[in-house]
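Got the viewer open? Turn on residue labels, keep the selection tool handy, and follow along stop by stop.

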Amino acid sequence: MVHVYNTLSGKKEPFEPLAAGKVGMYVCGVTVYDDCHLGHARCYIAFDVIRRYLEYRGMAVTYVQNFTDIDDKIIARAAERGVPAAELTRTYEAKYFEVFDRLNVRRADRYPRATEEIGGMIGMIGRLMDKGHAYEADGDVYFSTKSFSGYGKLSKRSEDSLLAGARVEISDKKRDPLDFALWKKAKAGEPFWPSPWGDGRPGWHIECSVMSQKYVGVTLDVHGGGQDLIFPHHENEIAQSEADTGRPFVRYFLHNGFVTVDGEKMSKSMGNFRTLEELYRRCPPDALRFFILSTHYRSPLTFTAKKLEDATAGLSRLREGYRRLKELLAANPNPAGGPAEPIDPERARAEFEAAMDDDFNTAEAVGTIFRVLSEVNRLHERSGRDGLPDGTTLEGLRRLEAFLKQVTRDVLGIDPEPPAVPDDNADRVSGLLAERERARKEKRYKDADRLRMELLEMGYQIQDTPQGPRAIRK
RNA sequence: GGCGGCGUACCCAAGAGGCCCAAGGGAGCGGUCUGCAAAACCGCGACUCACCGGUUCAAAUCCGGUCGCCGCCUCCA
C-alpha cells in the first residue's frame, strides 16, 4: 500500500485514488520566460518518479502539467528583448523540453497553455461572480477570500495570521487585502483578451483551476508543486475550484522541498540559480538525476559541487554492479545443481517497494539497490575464483537482473546500462590495449606505461582484471 | 510578528517508539588483484542521533525548553 504525505492533513496517509486503479495528477508547470534551474529539475524529477511508481503499482496515471505563458514577468522580459510575448514563451517551452528530456523526465500526457484556455477562465470567473465569490472593480476582478470559509486550510493560516504578515499587495480596488486577482485590466501595450469586464488578462491562479478541471477532473487525486506554491498559489486554487464546483479540489497535495545554494534558496530573484544547461556542462544529466533522487523529495536539498561528484561516483558504482550481474549471467551457463539461490530477488523487490510505498522514499530505495548489488559483487568475486557456489541455479539471478533493470530504469528513470554511445576510437583503443598487453608480456613496462598514459589522455581508463584488460571511457 | 521545516559519522543521507547497541553513497584506512599503479572488489567505520530536561518497561524516534540553520507569509518549483 502506497502512503503519501499530504500537505492538507500534514500527515502520511494511505493513498487511495477516487477511482480505484486510476490516478489523475496535475503538477504546476513553469512560467516560460527564463531557463530552468536545479529547483525545477528537483520538482519535475520528483513528480516524474511518483508518476512512474504509481504506474509500477499498476495504476493508470493521467499526468497534466501546464505552461504559464502569460504574466507580468513574461510581458516585461518580452518588452526588454523587443519580441512578442508569444515568441518568447515558445522559445522557452522548447528549451524546457530540451533540458527535461535529457533528464529523462517522461513527458506529461498534456501541456495546456494558459493563453489557450482563456475562454474557460472567463467562464469560471463568471460562475464565481454569479455565486458571490468574486467582484469586479474598475476592470479588475477579484476573488473574495472572505466568501470562502475554507480559506487558509492548506497553508494552515488563519485570517488574522495572514493579515499579520502585512506584505499583501496594497490596492484600493480590493475590498479585503487578502483578495486576489482573477482578471487584470489591460495596461497600454500589454497583450489582452476581451472579456465581459473589459480587455485584460487572467490572474495567475485561475489557469490551474480551469486547466486541471478540464484535463484531469473536478477532483484531482494528486496535485503537486514546490513548497513555495502552498501559499498563495495552491491556497487560491482551492478557493477558486471549490467555490466553483462545491466539491473537493484535491485529495492529496504533494509538495517537494527546496534546493538551496550556499545556504540560500536558489531562485530567480536571488540570482544564484544554476541553469540546467550550465550544469550539464559539468556533469551528465543522469548523474544529476541520481543526485536529486539521493535525497527524499520533501527534504531540503543543498547544492554543492562535491555532492554532485559523490553522486556521480555512486552512480558508476551502481552501474558497475549491474554490469557484473550481467557478466555473471553470461559467463556461467546453468551449472548442474539444486534450487538454492545465492540472492533472493523477491526479498530485494519487497525492500524496494517498502521504501517507495513510504512516501516515495527514493533515498531509501537507492539504498536497497546498493545492498543487493553488494551481494552481487561478493558472488561475482567468489565465482571468479571457484565458479558459482554448489547448488546455484541462474533463475534467481535472472529474476534479480530483470528486477534491477525494471526499478532503476523504469521507476527511478536511471538506465543501469546506458546505451553505448558510438565510439569512433574503438578500433584504435583496442589496438593500443593489445599493444600494451604485448609489452607487458614481454616485460617492456616502460612501453606499457607509456601506452597506458596515451589511452588516459584519450580519455580511457584501463582496468586490469583477471579476465584481461578493459578500457573505460571517462 | 505568524506559519512550516531542518540539525544523524570527515562529507552527504535514510531511519519517526522495541526489527536500530542507526541503511546506503562519497572520502579515508586496511586487504585482494597487479610488474608497479590505477580502477574494481572485499573489509573497517557513529557505545551514538544539536543541547538540556521529561514521558515510557523501552526514544535518534513522543512531550517541554534552549541553541543553530533554512523556507513561506511578495513573483518563484
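In chain A, among contacts with a separation of 6 or more, 76% are between residues 24 or more positions apart. Keep in mind as you click around that you're looking at a predicted model. Show the cartoon for chain A and you'll have 15 helices and 15 strands to explore. Of its 474 residues, 51% count as buried.

**Stop 1: a strand with an exposed lysine**

Select residues 11–14 to get strand 2, which is where Lys11 sits. Is Lys11 buried or exposed? Its relative accessibility is 53%, so Lys11 counts as exposed. Now add Val4, Tyr5 and Asn6 to the selection: Lys11 is in contact with these once its neighbours within four places in sequence are left aside.

**Stop 2: helix 2 and its partners**

Next, pick residues 72–81, which form helix 2. Start just ahead of the helix with Asp71, which caps the N-terminal end: one of its side-chain oxygens lies 3.1 Å from the backbone nitrogen of Lys73. At the other end, helix 2 is followed by Gly82, which has a positive phi, near 65°.

Which residues of helix 2 are buried? Colour Ile74, Ile75, Arg77 and Ala78 to see them. What they pack against is helix 3 (85–102) and strand 8 (200–202), so bring those into view too.

Stay with the helix pair for a moment. Two packed helices are described by the angle between their axes and how far apart the axes are. Helix 2 and helix 3 pack at an angle of about 105°, and their axes are 9 Å apart. That angle makes helix 2 roughly perpendicular to helix 3. Show side chains for Ile74, Arg77, Ala78 and Arg81 on the helix 2 side; they meet Ala85, Leu88, Thr89 and Tyr92 of helix 3. By class, this contact has 5 nonpolar, 1 polar and 2 charged residues.

**Stop 3: an unusual phi**

Move on to Asn104, in the loop between helix 3 and helix 4 (118–130). Most residues other than glycine have a negative phi. Asn104 isn't a glycine, yet its phi is positive, about 65°. With a relative accessible area of 35%, Asn104 is partly exposed.

**Stop 4: helix 6 meets helix 7**

Select residues 206–215 for helix 6 and 230–245 for helix 7; they pack at an angle of about 55°, with axes 8 Å apart. This makes helix 6 oblique to helix 7. Helix 6 passes helix 7 in a right-handed crossing.

Who meets whom? From helix 6, it's Ile206, Cys208, Ser209 and Gln213; from helix 7, it's His233, Glu237, Gln240, Ser241, Asp244 and Thr245. The contact of helix 6 with helix 7 has 2 nonpolar, 6 polar and 2 charged residues.

Before leaving helix 7, click on Pro232, which lies in it. The peptide bond from Phe231 to Pro232 is cis, with omega near 5°. Most peptide bonds are trans.

**Stop 5: a buried histidine**

Now choose residues 220–226, strand 9, and pick out His223. At 0% relative accessibility, His223 counts as buried. Which side chains make polar contacts with it? Draw a distance to His234 and you should get a polar contact of 3.4 Å with the side chain of His223. Another polar contact of 3.4 Å joins the side chains of His223 and Glu237. Beyond four places in sequence, residues touching His223 also include Tyr26, Cys28, Phe249 and Tyr252.

**Stop 6: around helix 11**

Select residues 345–357, helix 11, and find Arg347. Arg347 has a relative accessible area of 34%, so it counts as partly exposed. Its C-alpha atom is 9.4 Å from that of Val372, although the two residues are 25 apart along the chain.

Then hop to Asp359, in the loop between helix 11 and helix 12 (362–386). Asp359 is another non-glycine residue with a positive phi, about 55°. Is Asp359 buried or exposed? Buried, with a relative accessible area of 0%.

**Last stop: Arg436**

Finish on residues 426–441, helix 14, and select Arg436. Its relative accessible area is 2%, so Arg436 is buried. To see its surroundings, show Ala448, Leu451, Arg452, Ile462, Asp464 and Pro469, which are in contact with Arg436 when neighbours within four places in sequence are left aside.

Methods. Residues are numbered from 1 along each chain as its sequence is written. Chains are lettered from A and ligands numbered from 1 in the order in which they are written. This is a predicted model: local features need pLDDT of at least 70, side-chain atom pairs count only at pLDDT 80 or more; totals for chains, interfaces and linings use all residues. Side-chain values use heavy atoms; hydrogens and water are left out. Buried means under 20% relative accessible area, exposed over 50%, partly exposed in between (1.4 Å probe, protein chains only). Helices (H or I, at least four residues) and strands (E, at least two) are DSSP runs, numbered from the N terminus. Contact means heavy atoms within 4.5 Å. A polar contact is a pair of N or O atoms within 3.5 Å; within protein, one must be able to donate a hydrogen and the other to accept it, and residues adjacent in sequence count only if both atoms are side-chain atoms. Axes are lines fitted to C-alpha atoms, for helices over the stretch in contact, and angles run from 0 to 180 degrees between N-to-C directions. Angles under 35 degrees count as roughly parallel, over 145 as roughly antiparallel, 65 to 115 as roughly perpendicular and the rest as oblique. A crossing is left-handed if the near helix is turned anticlockwise from the far one by less than a right angle, and right-handed if clockwise. Ala, Val, Leu, Ile, Met, Phe, Trp, Tyr, Cys and Pro count as nonpolar, Asp, Glu, Lys and Arg as charged, and the others, Gly among them, as polar.
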